[in-house]
There are 2 protein chains.
Amino acid sequence: MEQSFIKELQTIVGDQYTLTDRESLAVYGYDSTPELESRPGVVLLPGSLSEVARILALCHGAGISVTPRGSGTNLSGGSLSGGGVVVQTSRMNRIVEVDEENLTATVEPGVITSALHREVEGRGLFYPPDPGSMNISTMGGNVAENSGGLRGLKYGVTADYVTGLTTVLADGELLHTGGKTVKDVAGYSLNPLLVSSEGTLGFFTSITVKLIPKPRAKITMLAHFPELNQAALAVSAIIAAKVIPATLEFLDKVTIKCVEDYSHVGLPLDVDAVLLIEVDGHPAVVAEEAASVEEICKRHRCSFFQTAKDADEALKLATARRTALSALARLKPTTILEDATVPRSCIAPMLQVIQETARKYNLTIGTFGHAGDGNLHPTCLTDERDKDEIARAHAAFDEIFDAAIAMGGTITGEHGVGLAKKRYLPRLVGESGIKVMRGIKQAFDPKGILNPGKVF
Amino acid sequence: MEQSFIKELQTIVGDQYTLTDRESLAVYGYDSTPELESRPGVVLLPGSLSEVARILALCHGAGISVTPRGSGTNLSGGSLSGGGVVVQTSRMNRIVEVDEENLTATVEPGVITSALHREVEGRGLFYPPDPGSMNISTMGGNVAENSGGLRGLKYGVTADYVTGLTTVLADGELLHTGGKTVKDVAGYSLNPLLVSSEGTLGFFTSITVKLIPKPRAKITMLAHFPELNQAALAVSAIIAAKVIPATLEFLDKVTIKCVEDYSHVGLPLDVDAVLLIEVDGHPAVVAEEAASVEEICKRHRCSFFQTAKDADEALKLATARRTALSALARLKPTTILEDATVPRSCIAPMLQVIQETARKYNLTIGTFGHAGDGNLHPTCLTDERDKDEIARAHAAFDEIFDAAIAMGGTITGEHGVGLAKKRYLPRLVGESGIKVMRGIKQAFDPKGILNPGKVF
């Protein structure tokens with residue numbers, strides 16, 4: 001990138017917020033996706049909407065690419081820039097308003113998701129999306145990726161909560177969509193399109209989300225299953241009994257072992273699966289639902305069933321699931337965390353495919369995830385220096401994704417396509433899907449400067 | 001339209017499903033929008049996806065426009081064709097599947113919405129969207145318009161339930177988006193974009209929606225308020241007390257009088273407002289919420305508060321609201337039903353604007369609607385032959401929409417833009433919004449044959 005151009009950018013955000021040193025560029029050359037690295041030409045940390053608009057107008061004029069970035073927890077390479085300008089949102093981190101009358105919150109993109117949780121929960125309100133990364137990742141990143149989380153089964157994902165956005169378009173123009181109204185059908189629905197656009201359609205400078213009343217009670221339960229298939233059947237049976245838990249999470253044997261080695265929470269090493277279940281809401285409802293869950297788990301031959309007796313114990317039980325990725329990641333240098341998603345009735349066959357594929361390619365794959373959503377995270381523990389094993393891992397995931405698609409599932413439930421899954425997307429959405437998506441990109445960003453090369 | 005072209009269409013759907021007689025074309029020249037008429041060249045009633053695809057491919061090749069149509073209950077002129085081909089969905093009316101394990105239903109576009117309600121409720125499941133037209137309107141139409149309804153406050157609108165679509169694109173190609181998975185971030189979110197696209201982006205041939213467990217209990221309540229402002233404050237106070245009723249509906253004095261004349265349900269003629277409130281869910285929760293609602297209404301000086309003692313009485317109370325439009329429509333030859341929506345905290349000022357504007361332009365405007373959603377239906381009772389009054393009505397709605405926009409609201413909460421609100425859309429979404437929407441249209445339908453002239 002030419003020095004004269006960097007100087008122009010510097011006049012917009014100021015010297016101290018223009019990073020060009022080797023170390024910074026190296027750091028911003030990664031996100032949380034294994035095997036990928038791509039250094040930016042410069043990293044900018046703007047402090048306001050108007051700075052963002054000026055950066056985009058300038059880059060648009062010069063034909064230089066811009067990649068929005070939050071905390072870089074992206075798992076599909078979506079925040080890597082390929083030599084262009086990275087615009088990082090950490091300085092735009094104000095919770096602008098919590099509107100208790102309209103049940104909305106308005107935030108800047110750099111707000112950490114769990115900071116919003118704390119702010120609204122203090123007022124008896126609730127922002128449900130809780131991605132695994134919620135203590136690090138930003139609202140802007142969550143919106144761009146349409147992040148899910150452990151409470152997705154009952155409460156949905158980020159897109160279900162975004163009601164208003166202010167977006168700087170590729171050419172620096174502003175687009176206001178929605179607001180605080182809960183209903184709006186004026187023209188095409190642009191909010192859900194911008195949510196999950198992975199930084200390719202615009203840069204969010206203001207995000208308004210819907211809040212709900214905070215559930216008054218919660219019961220956390222853990223069940224051990226000697227047989228994997230019984231755990232999967234228990235998941236289906238809980239839903240069929242018309243109980244929709246907030247959280248219905250699964251850990252397989254490989255994951256259980258890693259978690260226990262890492263956090264010593266007392267998980268058994270001789271079972272095939274563990275389910276973590278949380279029901280929340282009105283105390284009377286929660287008590288009934290917990291009783292149903294216990295009865296169903298016991299009917300499906302769980303060998304152990306525990307109900308947390310207080311908040312501390314609940315936290316300890318949930319830790320088993322919350323630390324799954326960190327625990328798996330300790331075992332080998334490279335952790336390929338995948339995101340295959342199927343209709344929830346296909347969890348049992350999907351788990352079988354994953355285990356058989358791991359055996360066939362001689363790989364260690366631990367699987368955990370949002371069983372109630374059919375959203376599994378088969379996680380391959382490998383070493384990117386071992387070219388042969390990496391090739392086998394890719395071959396295995398190829399088969400796993402094909403199986404997910406064949407079951408009516410998808411290649412990514414919550415991590416996005418980014419760079420990592422581009423080659424799988426056409427299999428899922430077909431030629432007509434890719435054509436339409438390219439056309440939409442063209443409508444927002446005809447010069448293709450926003451996060452180029454991602455998604456398709 | 002040339003006879004030879006109609007003959008070609010006839011070979012696709014068959015003679016008896018190709019309507020060209022004067023009477024049919026006259027009937028299909030209207031939908032439920034006042035003041036608008038536009039006869040099609042021909043009306044087709046295809047019986048399958050493949051017939052729809054062949055119709056579109058043929059029309060695309062010939063550059064002839066196609067307007068999808070359900071039951072024609074559209075309130076914004078969205079189903080009027082302007083001389084082209086109308087493709088009506090009534091023969092594609094199968095409920096293809098109710099999947100109790102995955103909590104989904106898959107339907108063809110011509111299924112009547114209340115038929116789906118009956119089918120799933122018989123299995124203890126629930127499809128919440130319940131537009132006023134639900135006994136006549138189709139699922140295809142509901143999806144195209146993103147229909148709301150009386151249960152929107154707690155349960156959201158059509159877009160919140162559509163998880164999968166099969167869409168025939170303008171050129172006859174198929175697009176499959178989503179499915180039964182509850183989470184999917186593979187590429188841009190096309191489902192919510194297609195939902196509410198008002199027939200301009202594609203023709204839905206299969207719709208998969210999410211179901212939820214049917215609420216076990218419901219309590220229906222009616223409150224009379226001598227002061228309009230107190231009714232509006234009660235709405236805000238109910239939400240602020242963290243009670244989210246399924247239904248929180250409002251009728252003003254003009255509407256109350258019309259409803260009482262029409263259905264003799266015993267509404268008072270001396271109050272300014274009536275609220276209809278329904279809470280549903282677990283019996284214990286419902287009892288507590290109903291008690292809160294009663295206390296809040298009384299605190300806001302309601303003059304009468306009634307709790308339905310059984311299902312029959314609940315139906316009778318709800319009838320007051322369900323018949324509002326029919327009751328108003330009896331009074332004058334032309335009923336202009338509008339759809340201004342504001343953040344719910346702005347209901348009181350919005351009602352004031354509507355009343356003042358009615359006085360200023362010497363019009364009869366009755367207002368009812370989804371108070372909990374901030375979605376009001378100011379309804380002007382007029383006569384389209386009275387050119388002067390019609391001009392005043394349009395001037396009044398101009399001011400009402402400007403006020404809604406100024407309060408952070410929108411020009412349509414659930415009826416769509418169609419033809420009727422095209423001129424208001426730029427005020428709301430700005431030049432950049434219109435540009436992006438036109439680009440999206442271009443991506444789906446470069447020749448512009450699908451329902452041309454609508455939305456923008």
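Biologist: How much area is buried between chain B and chain A?

Modeller: This is a predicted model in which local features need pLDDT of at least 70 and side-chain atom pairs count only at pLDDT 80 or more, while totals for chains, interfaces and linings use all residues. Residues are numbered from 1 along each chain as its sequence is written, chains are lettered from A in the order in which they are written, and side-chain values use heavy atoms, without hydrogens and water. Buried area is the accessible area (1.4 Å probe) that two parts lose on being put together, summed over both. Carbon and sulfur atoms give 63% of the area between chain B and chain A, the total being about 5,900 Å².

Biologist: Which three residues supply the most of the area that chain B buries against chain A?

Modeller: Contact here means heavy atoms within 4.5 Å, and 77 residues of chain B touch 77 residues of chain A in this sense. Three residues of chain B supply 17% of its buried area, more than any other three: B:Lys183, B:Val185 and B:Tyr188.

Biologist: How many salt bridges are counted between chain B and chain A?

Modeller: A salt bridge requires a side-chain nitrogen of Lys or Arg within 4 Å of a carboxyl oxygen of Asp or Glu. B:Asp171 and A:Lys435 form one, with their closest N and O atoms 3.9 Å apart. Between the two chains the count is eight.

Biologist: Which element gives the most residues to the side of chain B that touches chain A?

Modeller: Helices are DSSP runs (H or I, at least four residues), numbered from the N terminus. Among the contributing elements are α8 (228–240) and α10 (283–299) of chain B. The most, 13 residues, come from α15(B).

Notes. Helix = DSSP H or I, 4+ residues; strand = E, 2+ residues; numbered from the N terminus.
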